[in-house]
Amino acid sequence: MTATLETLSRDFSGDIIEPGHPEYAAHSGAIMAAGAPAVILRPSSVGGVQAAVKYAAAAGLPLAVRGGGHSFSGFGTNDGGVVIDLGMLSGVEVVDGGWHVVRIGGGATWGQVAEALAPHRLAISSGDTKGVGVGGLTLAGGIGWKVRKYGLALDSLVRAEVVTADGQVLTADEDENPELFWALRGGGGNFGIVTAFEFAAHPTTDVFHGRIAFPAAQAPQVLHGWAEYMRGAPESLTTIAAFANPFAGGPEAPVEIFVAFDGDSAEDADAAIDPIRRLGTVTGDNVVLKPYADTLENAQTPPPGITFHTANAFVERAGADAALRILTEVGAAEGAPFITARSVGGALARVAEDATAFAHRRAELMIGTAVIGPAPVVQAALPALDAVWERLAPHVSGTYPNFNSAADDTDVAAAYPADTYKRLAAVKRQYDPANLFAANYNVRPL
């Protein structure tokens, strides 16, 4: 392997980090997973990514590609394999001011993007966490604070620069390699390494953002009223409901509705948000006008020994009442998981289901559960959690890979409906027939 790395170093621009290197400990793991890779390659150019991909293919070792490193499934690292860390490719540039086209490096984080675009009064509908990578979030979807007004992050993608498994650099957009472009928008990292994304950003103002809290005992009425209101709420309003927070009292924790109103008119914001305030007895309200970049939070790195088990599903209109009724019952019981429900619809729903590889366009909500603690505690909670999801099964469908800690065949089948998966597998066969890029919600080549 040393000779091969020596050969690589002649073509590679960037850092080659092996065990024993002073930087190894800082780059060997990901946010949600420890790792002990054989080598970490941190390319500083597209040519470096090409060389790294060719090396990984020749070495025959497991390959992980890391953008922000926030994968709940731990895909950003491995043991004994190769990690290609894109952190040095993080530039953000407005390349067409008239059309607000922004070119972003594959290793950038959404915090970097929001900060860079703020002086231009531009934004991209993205996630809700600063440290999350642009690549991982976009390639699987991108559900954030502007999703109801501007759709998913991938809905704003207009072009991608991709290094494929054979080391080629391709452009993918509606005209050039259009089937690859379709697959990248929802199919994850299955088809290559995106070294640059081009998005159509939108002009932005400050936004009204914050949290409205209600007593835990009012969860059934608040959540039912919230879901009913959001069906006709202005698309400028995106909300997330959270309850049974284990760090705030578990079953006694307040019901929290987090809101983001995309606009700086206090009158319009109050008109959109006040119906939520009237759902119950407000015990806390910190909604204020702030720059869009300030809505993104700093994700907390779990302390050593603390693990997560997360699961989620989409809910269409017909299943919403039943799903929320089950979740409020579960949230009121001892040992409840942390429960969230996100409002979607709006702009997300106006895209045809087959227009991108993200196919869950009819969803009204995305619900999720999380169990957090030492590994034995999490493992002990899983049977009860599985029983909850069995109760939910008749009322939900699909799953969103970005918020899941599992990625087995059942999860992949949930993420990609049969027709979508078949089409993705054909693209996979064309661009990655040996399945080099397998550390993801893996689509196997036909």
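This report walks through the sheets, cores, ring contacts and a few single residues of the structure above. The model is a predicted one, so please read every value below as computed from predicted coordinates.

## A mixed sheet and the helix across it

Let us start with the sheet built from β1, β2, β4 and β3, which follow one another in that order. This four-stranded sheet is open, and its pairing is mixed. At its edges stand β1 (14-17) and β3 (63-66); each has a single partner strand, so one side of each is left without a neighbour in the sheet. Neighbouring strands here are turned by 15° against each other on average, direction ignored.

Inside the sheet, β2 (residues 39-43) and β4 (residues 82-85) run parallel and are joined by three bridges. If you would like a place to look, find leucine 41, which has isoleucine 84 of β4 standing opposite.

Helix α3 (residues 46-59) lies across β2, β3 and β4, and runs at about 155° to β2. The helix has a second set of strands to deal with as well: α3 also lies across β8, β9 and β10 (193-200), this time running at about 55° to β8.

## An antiparallel sheet

Those last three strands belong to a five-stranded open sheet, ordered β5-β6-β10-β8-β9, in which the pairing is antiparallel. Its edge strands, β5 (92-96) and β9 (169-172), each pair on one side only. From one strand to the next, the twist averages 20°.

How many bridges hold β8 and β9 together? Strand β8 (residues 157-163) pairs with β9 over four bridges, in the antiparallel sense. Along this pairing, valine 162 stands opposite leucine 170 of β9.

## Two nonpolar cores

The largest nonpolar core holds 47 residues. Within this core, the residues with the most contacts are Trp226, Leu237, Ile257, Ile273, Ile276 and Leu392. Helix α8 (residues 219-230) supplies the largest share, seven residues.

Isoleucine 257 gives a good view of the packing. Neighbours within four places in sequence aside, isoleucine 257 is in contact with Gly210, Arg211, Ile212, Phe214, Val222, Trp226, Thr239, Ile240, Ala241 and Ile276. Another core, of 43 residues, lies apart from the largest one; among its members are Ile104, Leu117, Leu139 and Phe191.

## Rings and charges

Aromatic pairs come to five in this model. In one of them, the ring centres of phenylalanine 314 and phenylalanine 358 are 5.9 Å apart and the planes stand at 90°, so the pair is edge-to-face. Phenylalanine 314 lies in strand β17 (residues 306-315), while phenylalanine 358 lies in the loop between β18 (338-343) and β19 (365-374), so the pair ties together parts that are 44 residues apart in sequence. Ring pairs also link Trp110, Phe197 and Phe199 into a cluster.

Charged side chains meet rings too. Lysine 146 lies over the face of tyrosine 292, 4.7 Å from the ring centre. Likewise, arginine 185 places its charged end over the ring of phenylalanine 181, at 3.9 Å from the centre.

## Some single residues

The table gathers the relative accessibility of four residues discussed in this report.

| Residue | Relative accessibility | Class |
|---|---|---|
| Phenylalanine 314 | 2% | buried |
| Phenylalanine 358 | 3% | buried |
| Asparagine 177 | 22% | partly exposed |
| Proline 401 | 16% | buried |

Which phi value does asparagine 177 have? The angle is near 50°, a positive value in a residue other than glycine. Asparagine 177 is found in the loop between β9 and α7 (178-184). Asparagine 435 has a positive phi as well, near 55°, and lies in the segment after α13 (418-431).

Why does proline 401 count as buried? Its relative accessible area is 16%, and the class takes in residues under 20%. Proline 401 sits in the loop between α11 (375-392) and α12 (409-415). Its C-alpha is 8.2 Å from that of valine 412, a residue eleven places away in sequence. Setting aside neighbours within four places in sequence, proline 401 is in contact with Ala140, Ala415 and Tyr441.

Methods
Residues numbered from 1 in each chain as written. Predicted model: local features only at pLDDT ≥ 70, side-chain atom pairs only at ≥ 80, totals over all residues. Heavy atoms only, no water. Pairing = 2+ DSSP bridges. Helix = DSSP H or I, 4+ residues; strand = E, 2+ residues; numbered from the N terminus. Axes fitted to C-alpha atoms, helices over the stretch in contact; angles between N-to-C directions. Contact = heavy atoms within 4.5 Å. Core = buried A, V, L, I, M, F, W, Y, C linked by side-chain atoms within 4.5 Å. Buried < 20%, exposed > 50% of the residue type's maximum accessible area, 1.4 Å probe, protein only. Phe/Tyr/Trp six-rings, centres within 6.5 Å; stacked < 30°, edge-to-face > 60°. Lys NZ or Arg CZ within 6 Å of the ring centre and 35° of its normal.
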